[in-house]
Amino acid sequence: MKKIVLASLAFALGWSGTAFAQTEVDALRYSQLGVAGSARTQGLGGAQTALGADVSNLAGNPAGIGMFRRSEFSITPALQYSISEATANQATQSDERNLLTIPQAGLILSNRKGDEDASDWRGLNFGIGFTRLNNFNQRISYQNTSAPPNTIVDYFAERANLRALNAGETLQESLDDEYDAGFNTIEGLAYGNYLIDVLEDDLGQYAEPLYSLGDIAQSEEIERRGSQNQIDIGVGTSYRDRIYIGASVGIITTNFTQESIFRESGHYIASFNEDGSPDVEGNYSLELYDNFTTRGAGVNLKVGVIARPIDALRLGASIQTPTAFTLTDTYQRSLSSTTLNPDTGVPESFEAFEDPGDFTYQLTTPFRATGGVAVFLGKYGFLTGDVEYVNYASSRFKEDDEFGTGTTGFFTDLNGNISNTYQSAMNYRIGAEGRYESFRVRAGYAHSGDPYQSAALDGAVNSVTAGVGVRLQNWYADLAFVSSKSESRFSPYRFSSEGGEPVVDLNNTQNSVLLTVGYNF
C-alpha cells in the first residue's frame, strides 16, 4: 500500500504546469522569494538589511526593530495585476489576473528607555508582523501541435511499460486489477479509456498506444491559486544607538492549488488490411482533468545586526535558517475520451476517475545570508543596497515518519535531481530615497539570481520599483509601484528519455500598487 501511495504521488506531481519535473519545481516554488514588505521597503527594491525602523525588518533583518523609538502599527493593502504569456510552436496566448490583497501588516511595541537614562542598552522592542512572500495566482493557456510518438497517448503507454509489477503478475493482470479495484495511476486511466492496449510477442507483454497519424492537436488550460505567507514574532534592542541586534521566528503557511485541463485530438487507425491500407479508422479526442493542492506550514529563525559607526553609514547582516515545512498534497484526476471500443468495433465515449489521495511529507528550503549597506546624504536622503546568498540546490524532501524506511528510494532520487538541477545564486537589491521636508521619493531595482544550472533555462526575476511617501508627527503614508518580470518553461508531460515532449515558454509580468498607512504612538 505504501508503494502504491508513493507511485500515485509521483504521477500526480509529474503532471502539468511543471518545469520538466514537478517535484523539483515544488522545491523552487517555496524557496524563490520576490520583493516583499511595506510600500516603503518595496519602493526601495526590497533593500532594507541596513536601514532599520520598518515593520518589514521582522521578515528581513530583525535588528532593525531595535531602532524604533516609538510604538507603531501599519497595514498595506495592494492591487496586483499579472500577465502570463505562453508560447508553444511559436504561437502565443496571453492571460491576465487582478487580485486585491494585503501583503504586509505589523505592530511594534517599543520599550525604549528615556534619554535621561544613561544605560548602554536602550531597551527591548517587540514586534509581530505579517508578510506575503509569494503570490501563486496565475492563468496559463496554450495550443500545440504534436505528432507520434510524442503525443500524450504515447506517454501513457510509456508509463505502463515502466510500471513496477508485483511478483507473479503480468502487465495485463496488473492493469486489469487496477481497472477492477479503482484507478490510481495515469496509465490505468488510459487503459480504462481504451487509449492503450497490452500486446505480447516473443519478448513478453508490452503496452502499445492507440495508433495515431499526422498532426495531433493539443491544448491546455491551467489555473493556479494560493499564496505563501509568513508571520514573524521578534525582538530587537540597541546598544548605545550604535549597534542594533535582533531575532525573529517566522511561521510560514503555504496554500497552492493547480487545476488543469489537457486536451488532445487526432486521427487513428485501429486495424490494417493485408495490403497495409487502413481497415478501421476514425478520430479520437481526450480530456484529462487534474486537481492538485498543497497545504502546510514551516518555521525558521532569523538573527541580524546593524552597526552605525558614523551617522552617515549603516552596515547590516542577517541570516535565516533553513525553513522546515510539513506539507500535505491532495490530488485527483479524471480522463474522458472518445475513441474506438475494440470489443464492439465502434467509437464510444469513456470516462475514468482516479481514486482521490493525499500524502504528507517534509521539505527543507535553503539557508539564506544577507549583507547590506546604507549611506545617508544628510537630510536629503540615502542610498542602500543588499546582497543575498541562497543555495537552491540544498532543498531536501523527506518522507513522513509514518511511512517508515521503505520509502526512502523515492526521495533519494528526487533530492539528487534537485542537486543536479539547481545551483546557488546571488540576489541583489538597491534603492534610493530623496527627502524634502516631510515628503519622500523612492526608486529601486531587485534581481533574483538564476537558480538553474542549465544554460537553457533562466529563472532570474527582475523587478523595477518606485514610490512616494509623506511622514508627519504621528502618522505616515507610502505609495509604491513594483513591476516584476520573469521567464520559465514547462512541459505538460515528460518521457523517460530526453526530448519529444511539448515545451511551453512562459513570460510572466506582475505589477503591484501598494499603499502603506502607519500610526505612531
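The paragraphs below lead through strand pairing, salt bridges, enclosed spaces and aromatic pairs in this structure. The model is a predicted one.

Strand 15 is a suitable place to begin. Strand 14, covering residues 368-376, pairs with strand 15, covering residues 381-391, in the antiparallel sense, and 9 bridges join the two. Within this pairing, A369 stands opposite Y389 of strand 15. The two strands form a hairpin with 4 residues between them, and G378 there takes a positive phi near 60°. Strand 15 also runs antiparallel to strand 17 (residues 424-436), to which 11 bridges join it. In that pairing, T384 has G431 of strand 17 as its bridge partner.

Salt bridges come next, and the structure holds 25 of them. In one of these, the side chains of R112 and D241 meet at 2.8 Å, N to O. R112 lies in the loop between strand 2 (91-109) and strand 3 (121-135), while D241 lies in the loop between strand 7 (212-239) and strand 8 (243-272), so this pair ties together parts that are 129 residues apart in sequence. Buried means under 20% relative accessible area. R112 therefore counts as buried, at 17%, and D241 is buried as well, at 13%.

A further salt bridge joins the side chains of R333 and E354, at 2.7 Å from N to O. This pair links distant parts of the chain, with R333 in strand 11 (residues 324-341) and E354 in the loop between strand 12 (346-353) and strand 13 (357-364), 21 residues apart. R333 has a relative accessibility of 2% and so counts as buried. E354 is likewise buried, with a relative accessible area of 2%.

The side chains of R442 and E433 also meet in a salt bridge, here at 2.6 Å, N to O. Both R442 and E433 are buried. These residues belong to a network of salt bridges that links E433, R435, R440, R442, R471 and D478.

R471, a member of that network, leads on to the second largest pocket, since R471 is among the residues nearest its centre, together with R40, G52, A53 and M67. This pocket has a volume of about 700 Å³ and is lined by 27 residues. Strand 17, strand 18 (439-448) and strand 20 (475-490) each supply at least two residues of its lining. By class, the lining has 13 charged, 10 nonpolar and 4 polar residues.

The structure also has cavities, with 7 of them at 30 Å³ or more. The largest cavity has a volume of about 1,100 Å³. It is lined by 44 residues, and those closest to its centre are N134, N135, V461, S486 and N508. The elements giving two or more residues to this lining are helix 2 (22-29), strand 1 (72-88), strand 3, strand 19 (461-471), strand 20 and strand 21 (504-520). Strand 20 gives the most, with 8 residues. The lining of the largest cavity divides into 21 polar, 17 nonpolar and 6 charged residues.

The second largest cavity has a volume of about 600 Å³. Of the 40 residues that line it, L33, G34, A59, E388 and R429 lie nearest its centre. The strands that each supply at least two residues of this lining include strand 14, strand 15 and strand 17, which brings the account back to the strands met at the start. By class, the lining of the second largest cavity has 22 polar, 13 nonpolar and 5 charged residues.

Aromatic rings complete the account, and the count comes to 20 aromatic pairs. Y155 and Y493 form a tilted pair, at 5.4 Å centre to centre and 35° between the planes. This pair links distant parts of the chain: Y155 is in helix 4 (residues 152-162) and Y493 in the loop between strand 20 and strand 21, 338 residues apart. Both Y155 and Y493 are buried. In another pair, the rings of F397 and F411 have centres 5.8 Å apart and planes at 5°, so the pair is stacked. F397 lies in strand 16 (residues 396-399) and F411 in helix 7 (residues 408-421), 14 residues apart. F397 and F411 are both buried. Finally, Y155 and Y493 also belong to a cluster, in which ring pairs link them with F156, F262 and F495.

Definitions and conventions: Residues numbered from 1 in each chain as written. Predicted model: local features only at pLDDT ≥ 70, side-chain atom pairs only at ≥ 80, totals over all residues. Heavy atoms only, no water. Pairing = 2+ DSSP bridges. Salt bridge = Lys/Arg side-chain N within 4 Å of Asp/Glu carboxyl O. Buried < 20%, exposed > 50% of the residue type's maximum accessible area, 1.4 Å probe, protein only. 1 Å grid on protein atoms, 1.4 Å probe; cavity = no way out; pocket = protein on both sides within 12 Å on 5 of 7 lines; lining within 4 Å. Points joined across faces, edges and corners; volume = space filled by probe spheres on them. Nonpolar A, V, L, I, M, F, W, Y, C, P; charged D, E, K, R; others polar. Phe/Tyr/Trp six-rings, centres within 6.5 Å; stacked < 30°, edge-to-face > 60°.
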